[in-house]
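This report describes a protein model for a reader who has not met it before. Please view the sequence and the structure together while reading.

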Amino acid sequence: MDISADFNWWQIEPAMLWTDVLIYILVAAIGIFVVYARRHEHLRAPWRQVLYRRLAMSALIILMAFVVIGLLDSIHFKVPLEQREDGSVLYSTEVYSLFDRIVLPLKNHTEKTYSEPFAYQLYAKENIEQADGSMRRDFPRLKYGSAHLDAPEIQRGVDIQARSLVALGEAVLLGLLITTLLAGWQTRRNNERFTITLQGMLMGRTRLPWRSMLATVFFILLFLLFAMELGTHYHIFGTDKVGQDVLYLSLKSIRTGLVIGTLTTLVMLPFAVLLGIMAGYFRGWVDDVIQYLYTTLSSIPSVLLIAAAILVMQVYIENNPQQFATVLQRADARLLFLCLILGITSWTSLCRLLRGEALKLREADYIQASQAFGVRSAKIITRHLLPNVMHIVLIVIVLDFSGLVLAEAVLAYVGVGVDPSMNSWGNMINSARLEMAREPIVWWSLLAAFVFMFILVLAANLFADAVRDAFDPRLRSS
């Protein structure tokens, strides 16, 4: 069912998924950490180094654009269908997100089957009935793509150029507006002339890389406006087998990638931090037990362990359908379980690093002095060990994020990833495997998933490099 644009917003019914709750908790935790870090100079200093790096800030802005889309796609609700005679409201069984409402044309403009990017007809020939009753085999016109053109084979190129120029002009105007507002804010803050501030920002003479940040914002605005101007009249990345817009599927997959990358880290951290520090600090039999545990876990092929766990979860969902009212809830439960399994199987490497660091730190003079004065072990761990290993935790988190996003694609490709009904880049690549084998080849789904995944992983890696350089004590001292 297509979501309607004219329903009453005050009658919607909120629909909260488990991953939504965890995402909100994660956002709140990041907000609390930011407030805490702003009040402590030893935490602000390394982050200030990150903020002064051009590539890191450009990557951060791109990551924030992905995060905004992911958060908008994490606000779910059910739309009202009709009001009964007793005053109660009948709601749709399908769950929508706020992002679905924003990109309503992309969601609703569903064609019959495959179509190429910017095409005006289907990708395969069909029998078309003529006005005189005869049959003709040809490429049918699309229902939505280029539907506003009377002669798309002639007008399409000019129309695309005109709309692209409009998007470029709007992006330039918005970019100038944002630049002016930022320059005005900096002028008031630094108490200097507006022209000097603006010139410094545009020439790259400021400590904060405003020029790189503004250029990144401009390209993001250009893509958004390009998608708004052309996406409502064309299928920019084509359509898939069932006629869904590939641009819409690619954007919807952002939330899955972010959930895999972030929630898995949340699951992994308690195991890695607690066991790693305990092994290094207590040594003896505690160290032996923890080493035996993560060595045994590492010896099991993670793909087999994940596949077995996902199959168990699938059987549980099929045997208890009453606990999962909608298809989205079933897919969300499987996604959350996948995050749990990935977290349980990926904490060992961080645990090893923290064990080694704790072994070194426990021999430090201030730790020895604390033990000599009879300070309890729990207090030594929380007051002295944990703050001194947090740079390792932070570096591993940002480095592992891109690896987890890629892991989802690999697991979906082998059939043990997220639910097939859930939008994800892994599922798009998995379905493209069959599309690449047909004749003619359908290549745009694979390309779209690859481009979006590449941008996210590249931005995460660039930002991770800057965080590693800023927080690693050896790199800072050099």
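## Strand β2 and residue F77

F77 belongs to strand β2, which covers residues 76–78. In this predicted model, F77 has a relative accessibility of 3%. The residue therefore counts as buried, since the cut-off for that class is under 20%.

F77 may be set against L182, a residue 105 positions away in sequence. From C-alpha to C-alpha, F77 and L182 are 36 Å apart in space.

## The chain as a whole

The protein chain contains 18 helices and seven strands. Its C-alpha trace spans about 100 × 70 × 55 Å along the principal axes. Of the 478 residues in the chain, 44% are buried.

Contacts in the protein chain with a separation of 6 or more may be sorted by distance in sequence: 71% of them are accounted for by residues 24 or more positions apart. The chain exposes about 25700 Å², and carbon and sulfur atoms supply 64% of that area. The chain carries 42 positive and 40 negative charges, and the mean positions of these two sets are 12 Å apart.

## The second largest pocket

The second largest pocket holds about 1100 Å³ of space. Its lining consists of 40 residues. Nearest the centre of this pocket lie Q244, L249, S421, M422 and N423.

Which elements give two or more residues to the lining of the second largest pocket? They are α5 (104–108), α9 (246–282), α12 (327–345) and α16 (425–435). The most is given by α16, which provides seven residues.

## Helix α9 and the loop that follows

Helix α9 includes T265. Is T265 buried or exposed? T265 counts as buried because its relative accessibility is 7%, below the 20% limit for that class. Setting aside residues up to four places away in sequence, T265 touches I397 and L404.

R283 is found in the loop between α9 and α10, the latter covering residues 284–299. Its phi is near 50 degrees, a positive value in a residue other than glycine. With a relative accessibility of 38%, R283 counts as partly exposed, because this value falls between the limits of 20% and 50%.

## S346, between α12 and α13

S346 occupies a place in the loop between α12 and α13 (348–361). The relative accessible area of S346 is 22%, so the residue is partly exposed.

S346 and V267 are 79 residues apart along the chain, and their C-alpha atoms are separated by 9.5 Å. Not counting residues up to four places away in sequence, S346 touches T264 and M268.

## L305 in helix α11

L305 is placed in helix α11, which comprises residues 302–319. The residue is partly exposed because its relative accessible area is 27%, a value between 20% and 50%.

L305 touches L297, I300 and T345 when residues up to four places away in sequence are not counted. L305 and L342 are 37 residues apart in sequence, with a C-alpha to C-alpha distance of 9.5 Å.

## The loops on either side of α7

N191 lies in the loop between α6 (152–190) and α7. Although N191 is not a glycine, it has a positive phi of about 55 degrees. Its relative accessible area is 71%, so N191 is exposed; the cut-off for that class is over 50%.

L208 lies in the loop between α7 (194–203) and α8 (210–231). Which residues are in contact with L208, leaving aside its neighbours within four places in sequence? They are L51, Y52 and M213. L51 and L208 are 157 residues apart along the chain, while their C-alpha atoms are separated by 6.6 Å. L208 is partly exposed, because its relative accessible area is 23%.

Methods
Residues numbered from 1 in each chain as written. Predicted model: local features only at pLDDT ≥ 70, side-chain atom pairs only at ≥ 80, totals over all residues. Heavy atoms only, no water. Helix = DSSP H or I, 4+ residues; strand = E, 2+ residues; numbered from the N terminus. Buried < 20%, exposed > 50% of the residue type's maximum accessible area, 1.4 Å probe, protein only. Contact = heavy atoms within 4.5 Å. Areas by Shrake-Rupley, 256 points an atom, 1.4 Å probe, with all protein chains shown as cover. Lys, Arg positive; Asp, Glu negative; His and termini not counted. Charge placed at Lys NZ, Arg CZ, Asp CG, Glu CD. 1 Å grid on protein atoms, 1.4 Å probe; cavity = no way out; pocket = protein on both sides within 12 Å on 5 of 7 lines; lining within 4 Å. Points joined across faces, edges and corners; volume = space filled by probe spheres on them.
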